[in-house]
Amino acid sequence: MKVTFYGGAGGVTGSKHLIEVGDNKILLDCGTFQGHRQETRELNSKLPFDAKAITAVVISHGHLDHCGSLPLLIRDGYEGRIYSTDATKDVAEWILKDAAHIQQMDADYMNRHRIKGPELAEPLFTQKDVDEVMARFIEVPYVRFSQEWFHLAPGVSVKFYDAGHILGSAVIVLQFEQNGQTERLAFTGDLGRVGTPLLPDPEPITDKVENLLMESTYGNRVHRSIPEAVETLRDVVNQTYKRGGKIIVPTFALGRTQELIYVLHQLTDKKLIPRMPIYVDSPLATNLTNVFTRHPETYDEEAWKDFGKKGDLPLAFRNLTYTVSREESKALNTKPGPFMVLSASGMCEAGRILHHLINGLEDERNLILITGFQAQNTLGRRLVEGHKAVKIFRQKFSVKAQVEVINEFSAHADAPALKKYAETIPGLRHIFLVHGEGSQAEAFKKLVSQDHADWQIDIPQINQSFTLQNH
Ligand SMILES: [Zn+2]
């Protein structure tokens, strides 16, 4: 078995891992790189392998850094199918359509301002490309619905365990059968937290698996408990409300947005926070919330206990508004506080959140509430690091608003939970740490090695290959 890490190695974006056994080449995830615009555009404009040679593609979940390069794969001649859960297919469709739209707008902007020089800028892919991607999907049920191995190619099959990260997310287990021998490799994709509202906990793997590709986003972090985080949220919301400020929350359109809405719904019902106007100002988040509503089979039991019986929807309540039009969004710029607005993108790199920050950063009554991982070189990271001034659209703004970080609603497991997850896998011998910045992966390797000297743990570099012996 040969494993090559084409992305999501030494960093958290661009997830792409190629597994080769015999004639079979299975691609795990096909995600885009995010960060510095110029660099990532180059990385995202061509694939580092021959798309025509790939046998099958399996997608762990619908975040862009895990599925955003699927249109390129098909453009480059990939002829096979794309395997994912039912909900991931729906999520990926919205995420890819949104990305195509943003690229079109970017290209139009560059052409209007002649940024690229004489030749016209083109989007990396279009709506039509997304339609072609969607026609290739095959839905695979979670193991809790079907214990059967799902056939991918001669001698290769797959199982999906719930990863509890976002709607539809899966831990992928590949099984290779060759010359009477069976070999297995698992890929966590992104692994969720235990005990988060709405989504189920990550489901333990019960098959014997020798090799594991494991995410390590928070490999050096211990999260506070969810109830502690809810208390902090309650306190900062009440403080900001009292001073008449706005609460500006950059969120990913999927995951944190829905979890926060759920928690805010509970806090409001229990009268622990005032019934203030809350806006979800992201068309993508709104569309994805609808996908959530269509997939109640993916909620955890608690969500049903809390809201299901009352005929109450977890993600809808009286003072919550999903904005649709640009006008509604713009009106929030001049609206006086107190109110709360959740808007994308989660790392403050693009989208409507930038306008809310432009209008909100310089007022000390306001609160910028950071609720997720902020990658290097992003505006969100600079806010977390406490920069006193930041640039948005080439203009300088001083940061006078309070900046508060609550990472506990993060859709990623912390170090102890990652370790525990690996420890429950029967027969594990070899771990590759992916999807983590260097220091996070190194710290996690150290933590795990202390208790498991018999496990081989590697931190692959980008484009690095490993040949694994059959055990
Ligand atoms: Zn993810």
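How many bridges join strand E1 to strand E2, and in which sense do the two strands run? Five bridges link E1 (residues 2–7) with E2 (residues 16–21), and the two run antiparallel. With that small piece in hand, let us walk through the rest of this predicted model.

## Overall layout

The chain has 14 helices and 22 strands. Its C-alpha atoms fill a box of roughly 70 × 60 × 40 Å along the principal axes. The radius of gyration is 22 Å, which agrees with the value near 23 Å for a compact globule of 471 residues.

Burial and contacts add to this view. Of the 471 residues, 48% count as buried. If we take the contacts in the chain with a separation of 6 or more, 74% of them come from residues 24 or more positions apart.

## Two domains and their contact

The chain divides into two domains: domain 1 is made of 2–221 + 411–467, and domain 2 covers 226–409. Between their C-alpha centres the distance is 27 Å. Domain 1 contributes 24 residues to the contact, and domain 2 contributes 26 residues. On the domain 1 side, these residues sort into 12 nonpolar, nine polar and three charged.

## The sheet that holds E1 and E2

Our opening pair belongs to an open sheet of seven strands, ordered E6-E5-E4-E3-E2-E1-E22, with mixed pairing. Its edges are strand E6 (137–139) and strand E22 (464–467); each has a single partner strand, so one side of each is left without a neighbour in the sheet. From one strand to the next, the twist averages 25°.

For a register mark within the E1 and E2 pair, look at Thr4: its bridge partner in E2 is Leu18. As a general reminder, strands of a sheet pair through backbone hydrogen bonds, either parallel or antiparallel.

## The sheet from E7 to E21

Another open sheet, also built from seven strands, follows the order E7-E8-E9-E10-E11-E20-E21, again with mixed pairing. Strand E7 (150–153) and strand E21 (456–458) are the edge strands, each pairing on one side only. Here the twist averages 25° from one strand to the next.

Strand E8 is a good place to pause. Six of its seven residues are buried, so E8 is largely enclosed by the rest of the structure. E8 pairs with E7 in the antiparallel sense over three bridges, and Phe150 stands opposite Val158 in E8. The hairpin of E7 and E8 has two residues between the strands, and Gly155 takes a positive phi near 85° there. E8 (residues 156–162) also pairs with E9 (residues 170–178), antiparallel over seven bridges. Two register marks help when tracing E8 against E9: Lys159 stands opposite Val173, and Asp162 has Ala170 as its bridge partner.

## Cis peptide bonds around E15

Which peptide bond is cis with omega near 0°? That is the bond from Gly337 to Pro338. Pro338 lies in the loop between helix H10 (326–334) and strand E15 (339–343).

A cis peptide bond also joins Ala344 and Ser345, with omega about 10°. Ser345 lies in the loop between E15 and helix H11 (353–360).

## Positive phi outside glycine

Phe393 and His435 make an interesting pair to view together. Phe393 has a positive phi near 50° and is a residue other than glycine. The loop between strand E17 (389–392) and strand E18 (395–398) is where Phe393 sits. His435, likewise not a glycine, has a positive phi near 50°, and its place is in the loop between strand E20 (430–434) and helix H14 (438–451).

Is each of these loop residues buried or exposed? Phe393 is exposed, because only 8 other C-beta atoms lie within 10 Å and the cut-off for exposure is 12 or fewer. His435 is buried, with 31 other C-beta atoms within 10 Å, where 20 or more are needed.

## A residue in helix H5

Met134 belongs to helix H5 (residues 127–134). Met134 counts as partly exposed, with 16 other C-beta atoms within 10 Å, a number in between the two cut-offs just given. Met134 and Cys67 are 67 residues apart along the chain, and their C-alpha atoms are separated by 12 Å.

Terms used:
Residues numbered from 1 in each chain as written. Predicted model: local features only at pLDDT ≥ 70, side-chain atom pairs only at ≥ 80, totals over all residues. Domains from an automatic or database assignment. Contact = placed C-beta atoms within 7 Å. Nonpolar A, V, L, I, M, F, W, Y, C, P; charged D, E, K, R; others polar. Helix = DSSP H or I, 4+ residues; strand = E, 2+ residues; numbered from the N terminus. Rg over C-alpha atoms; globule rule 2.2 N^0.38 Å. Pairing = 2+ DSSP bridges. Axes fitted to C-alpha atoms, helices over the stretch in contact; angles between N-to-C directions.
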